[in-house]
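Hi everyone, thanks for coming. Let me put today's structure on the screen, and then we'll walk through how its aromatic rings and its core fit together.

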Amino acid sequence: VMYLHLGQDYIVKTKDIIAIFDMEKTSISPITKHFLRNASKKNMVTYVSDELPKSFIVLKNEKQERIYVSSISSTTLAKRASHKNKGFLNL
């Protein structure tokens, strides 16, 4: 099993990651805003850091769906994940 460090003390399994999104590029979309707002209302969002958010990571496994908001850029996270998991999606 391969893991990805999201920042602080948060580590997730790469196989559970659906996508990594750039916060600046995607949060301007009304659809993304709606998605994040609904996820937050359902307590599905975890903020990895108090620093400026640069990315959010969508995960799903057999137990839960979760969104992590990280201060690490989507490019950096995708590079880390792609070394371990070929064909990784970075949006």
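A definition to begin: rings of Phe, Tyr and Trp (its six-membered ring) pair if their centres lie within 6.5 Å, and planes under 30 degrees apart count as stacked, over 60 as edge-to-face and the rest as tilted. This is a predicted model, where local features need pLDDT of at least 70, side-chain atom pairs count only at pLDDT 80 or more, and totals for chains, interfaces and linings use all residues. Residues are numbered from 1 along each chain as its sequence is written, and side-chain values use heavy atoms, leaving out hydrogens and water.

So how many aromatic pairs does a search of the whole structure find? It finds two. In one, the ring centres of Tyr10 and Tyr68 are 5.8 Å apart with the planes at 55°, so this pair is tilted. Tyr10 sits in strand S2 and Tyr68 in strand S6 (strands are DSSP runs of E, at least two residues, and helices of H or I, at least four, numbered from the N terminus). Tyr68 is buried at 12% relative accessible area, while Tyr10 is partly exposed at 30%; buried means under 20%, exposed over 50%, partly exposed in between, with a 1.4 Å probe and protein chains only.

Then there are Phe21 and Phe56: centres 4.7 Å apart, planes at 15°, so they are stacked. Phe21 belongs to strand S3 and Phe56 to strand S5, 35 residues apart.

Tyr68 also appears in the largest nonpolar core, which has 12 residues. A nonpolar core is a set of buried Ala, Val, Leu, Ile, Met, Phe, Trp, Tyr and Cys residues joined through side-chain atoms within 4.5 Å.
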